[in-house]
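Please open the structure in a viewer and follow the stops below in order. Each stop proposes a selection and then describes what is found there.

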Amino acid sequence: MIRRTIKLLTNMWEVFKRNADDINSPVGLWLMVLVATCWSLIPQLAGAGSSQAHDTVSVSLPGDIILGGLFPVHEKGEGAPPCGPKVYNRGVQRLEAMLYAIDRVNNDTNILPGITIGVHILDTCSRDTYALNQSLQFVRASLNNLDTSVFECSDTSIPQLRKNATSGPVFGVIGGSYSSVSLQVANLLRLFHIPQISPASTAKTLSDKTRFDLFARTVPPDTFQSVALVDIIKNFNWSYVSTIHSEGSYGEYGIEAFHKEATERHVCIAAAEKVPSAADDKVFDSIIGKLQKKPNARGVILFTRAEDARRILLAAKRANLSHPFHWVASDGWGKQQKLLEGLEDIAEGAITVELQSEIIEDFDRYMMQLTPHNNKRNPWFAEYWEDTFNCVLSTASDDGKLMNEHDQDASLPQNEKPKITCDDSFRLSEKVGYEQESKTQFVVDAVYAFAHALHNLHNDLCTQNDQNPGPQHRHSESVWYRKPVDSHSQACPNMANYDGKDFYNNYLLNVSFVDLAGSEVKFDRQGDGLARYDILNYQRLDNSSGYQYKVIGKWFNNLEINLDTVVWNKENEMPTSACSLPCEAGMIKKQQGDTCCWICDSCEPYEYVYDELTCKDCGPGLWPYPDKLSCFALNIQYMRWNSLFALVPLAIAIFGITMTIIVIVLFAKNHDTPLVRASGRELSYTLLFGILVCYCNTFALIAKPTIGSCVLQRFGIGVGFSIIYSALLTKTNRISRIFHSASKSAQRLKYISPQSQVVITTSLIAIQVLITMIWMIVEPPGTRFYYPDRTEVILKCKIQDMSFLFSQLYNMILITICTVYAIKTRKIPENFNESKFIGFTMYTTCIIWLAFVPIYFGTGNSYEIQITTLCISISLSASVALVCLYSPKVYILVFHPDKNVRKLTMNSTVYRRSAATGGAPGVPTSSGYGRTPIGLNAADADAGIGVGVGAAKAGPERQSQSDCQNSPCSELDQNQTAVIHRSEECVNGAPTSDKCDCIGIND
């Protein structure tokens, strides 16, 4: 019946929690009174038979003001019993820390003088629902409190209630420890305006003042602890971890904050496992099995209760892991030694976070003087004593009889050895495993926070003229004895009846003091304490089998850690916890599943790493640095003067220029000699100038491309060739016309004078100049970058290969026509041998050009070979003309100047009319031309000198002027190919009269 009643009332309180906003309505207030009244009847319904139940055991000390306490004295029970049989070491220490702090405050004349603080401390058994049921006792005490204002004493004095734990309301509560407990209790206490300070609850949601407006804590929320854990992971360069958290507000809210922070900082969660409240060994074994499926996640984050952390380590030990996990745990594990008994090898190297707290040495002295005989106020201390010393106290059993050794043996399991009887000499010390619990300082701070706030309230309400200066930040000598309750309390009724919500906002949140350990204590507007953490490493002691927690760093807004002092489990160096290793330089990540899992893929040689997932092309002319993080400009390549590809054509060009200048000098020195005059001086100099221009083109082609050099290239190549081949075309055309017309007509030819030849040559050259000008308009000169591949940048003139080919089309036409004329004049009599040289020149030129075109276009990927080929081809074309046309003349001018006379430039062979054939002068022979004197090598027009071409007569008397004019000589006057002197007759080429003297052909 009692259990059903408790369950019903618990459900009703759940309604309160969900409808807290309506609690101030009349219906809500009546419902609160009803539920609390029912709770007040439960002890009466339970009767004497339930007096031994856990919920009836408490620490009750009377006082003027009562502070409640909620601590996990016992571990959570498995199954139906809410409390387990084993005492929770940390919970007992925290309970004693509250009693120790109450004793100090009550004996401190600087704080609440004349006012005694009492306590009502209950066991939560580490279970939230049970803690909620227990905390209803605080509510019941508040509702059962009598209003003394309706009573009057016979002596007119103010009525005083008897000072005991149940005679007055609970003014405030210290606790609980677990966040899940604090969440349930805070929802209840706020309805009755009972402020609460927790020394250990760190759930983030407790900072929400819209839901927990009367909750404060001397510890920071898990938000900061989660940031500290992520800072540790990032400091280890871990990017892939697994997490385990306990069911309940502490684990769930803590791991939620951790996951959020980890995600923002690019830490991936391999596996996230939850430990249910009623988990058995199979559940823990399953969790370890799931972690093993993520072998790359070597780091495991624990946001669990202490008992859950131990069972996780037990499961890891049962799994016999070949590669141990590396634990990083929250303050739920902290720096507890008993948690790791028998599991030291599994826990070695663990990194834990613990709230930064100082050891209160006076509390250690307090604990070490306690015994079951002098600590009767704590009903659970005897159990703690037996558990600590593994003994049995010789006290009365529950049925009033002493427990003897026979009874003790009968009560033990068969496989467990009997315990010894506790000796009176036993004392708590480090030798028996005593160590001050890490939250002790925060429990003491919570008591002092209430004391300072109450002191300020007392000064404002109960002290006239505000004569008391308030509490000083000094602490009296250690006093542990219980101060008797003063029947003349200094607490005024206004103080006892002061609204708890106003007290929380106006006094409790505004306290600030220095605690017994020398640390500053204060609350922010959310009621949270300052965030300070120690970073611990579980290490084996040097030269010992023992273990200890060693402080390796601190966290206060940022992490400070000494990695050199960290010890790892079976690792000499910092372990790796990453799904994929970082990619090398020049590689990017290709995601596979989780954001922290990828394969590395290389960027192309010409790409750089734009970000960890993207490669980007450096662009033309750029190349990535070895680290692939950025690009640099490639060296611009162009033909260098010291390159072998430049030296060879330069040598040829220089040699050609030298030879050409020598020829020009020789011709200039022998300007008026018969040989030079017979060669046609105007066209000879023009042709030599064209050869010189072709040689000079090599310098323009090898020079660094600029606008100027590119213009010179366009003009130089085209115009240089056009000068040479225009002059040659003019020569071959004239010779062909003269001898072709001589066989058909005696009519005098036009445009064969030197002046006409110069005009014709200039006109032909002008066409090429015009073509080049049009080309530069259509395709303006300039430079461009050419990229044969991604590793090269070549500076070139802005000339397309096909454009260059088309620009030389005109010169190709000239070459073709010259070659045709050379073929047509190949059988001119041998004295006109310059035609043969011109023919040889043109044949060779055609061969060079036919070879040049495929070589030029075939070497487009190698600018050096292409330029060298072009230079040599141009120089060879010029050299062929120079050698073939001028080497015979140079030979005579240099080595046989004796032959450079008029006599040797004339021929004695004359046309003879054959009597047998009756041939007329100028009758064509088999060669197509009339019989012409050998060596018709052109007398210069100015001098009238040249190779004579005689015209024969049948007899001196029968030959007339008309007979001479019917010969080829008749076409040659001073302005044409030959010069004709009027003479009477021509005999053997010698002028015997002034009738027909044929002297010279101007080539």
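## First stop: a six-stranded sheet

Select leucine 70 and look across to β5, where leucine 122 stands opposite. The model on display is a predicted one. The two leucines mark the pairing of strand β2 (residues 65–71) with strand β5 (residues 117–123), which is parallel and extends over seven bridges.

Next, widen the selection to the sheet. It is open and consists of six strands in the order β1-β5-β2-β6-β7-β8, with mixed pairing. At its edges are β1 (59–61) and β8 (215–217), each of which pairs on one side only. On average, and with direction ignored, neighbouring strands of this sheet are turned by 20 degrees against each other.

Two helices that pack on this sheet may now be added. Helix α5 (residues 179–189) touches β2, β6 (170–174), β7 (196–198) and β8, and its direction makes about 170 degrees with that of β7. Helix α14 also packs on the sheet, where it touches β2, β6 and β7; the angle between its direction and that of β6 is about 155 degrees.

## Second stop: helices α3 and α14

Keep α14 (residues 440–461) selected and add α3 (residues 89–106). The axes of α3 and α14 come within 8 Å and cross at roughly 35 degrees, and the crossing is right-handed. From α3, the contact is made by Gln93, Arg94, Ala97, Met98, Tyr100, Ala101, Ile102, Arg104 and Val105. From α14, Thr440, Val443, Val444, Val447, Tyr448 and Ala451 take part. Which kinds of residue make up the contact of α3 with α14? Eleven are nonpolar, two are polar and two are charged.

Helix α11 (residues 361–368) is the next selection. Its buried residues are Asp362, Phe363, Asp364, Tyr366 and Met367. The elements that cover the buried residues of α11 include α3, α12 (381–389) and α14.

## Third stop: the nonpolar cores

Now select Met98, Met495 and Phe503. These residues have the most contacts inside the largest nonpolar core, which has 65 residues. Helix α14 supplies the largest share of this core, with eleven residues.

Centre the view on methionine 495. What does methionine 495 touch, not counting residues up to four places away in sequence? Its contacts are Ile65, Leu112, Ile115, Phe171, Leu454, Leu457, His458, Leu461 and Cys462.

Apart from the largest core lies another, of 54 residues; to find it, select Leu701, Tyr725, Trp775 and Leu893, which are among its members.

## Fourth stop: an eight-stranded sheet

Select threonine 352, which stands opposite leucine 536 in β18. Strand β13 (residues 351–355) and strand β18 (residues 533–540) run antiparallel and are joined by five bridges.

The sheet to display here is an open one of eight strands, in the order β10-β9-β11-β12-β13-β18-β19-β20, and its pairing is mixed. Its edge strands, β10 (268–275) and β20 (559–561), each pair on one side only. Neighbouring strands are turned by 30 degrees against each other on average, direction ignored. Add helix α7 (residues 249–264), which lies across β9 (240–246), β10 and β11 (299–303) and runs at about 160 degrees to β9.

## Fifth stop: two single residues

Select arginine 681, located in helix α19 (residues 681–702). Is arginine 681 buried or exposed? Its relative accessibility is 8%, so arginine 681 counts as buried. Ten residues away along the chain is histidine 671; the C-alpha atoms of the pair are separated by 7.9 Å.

Then move to leucine 876 in helix α25 (residues 863–895). Leucine 876 counts as partly exposed because its relative accessibility is 40%. Glycine 656 is 220 residues from leucine 876 in sequence, yet the C-alpha to C-alpha separation is 9.2 Å.

## Last stop: the whole protein

Finally, clear the selection and show everything. The protein contains 26 helices and 33 strands. It has 1003 residues, of which 52% count as buried. Of the contacts between residues at least 6 apart in sequence, 70% join residues at least 24 apart.

Definitions and conventions
Residues are numbered from 1 along each chain as its sequence is written. This is a predicted model: local features need pLDDT of at least 70, side-chain atom pairs count only at pLDDT 80 or more; totals for chains, interfaces and linings use all residues. Side-chain values use heavy atoms; hydrogens and water are left out. Axes are lines fitted to C-alpha atoms, for helices over the stretch in contact, and angles run from 0 to 180 degrees between N-to-C directions. Helices (H or I, at least four residues) and strands (E, at least two) are DSSP runs, numbered from the N terminus. A crossing is left-handed if the near helix is turned anticlockwise from the far one by less than a right angle, and right-handed if clockwise. Contact means heavy atoms within 4.5 Å. Ala, Val, Leu, Ile, Met, Phe, Trp, Tyr, Cys and Pro count as nonpolar, Asp, Glu, Lys and Arg as charged, and the others, Gly among them, as polar. Buried means under 20% relative accessible area, exposed over 50%, partly exposed in between (1.4 Å probe, protein chains only). A nonpolar core is a set of buried Ala, Val, Leu, Ile, Met, Phe, Trp, Tyr and Cys residues joined through side-chain atoms within 4.5 Å. Two strands pair if DSSP finds at least two bridges between them.
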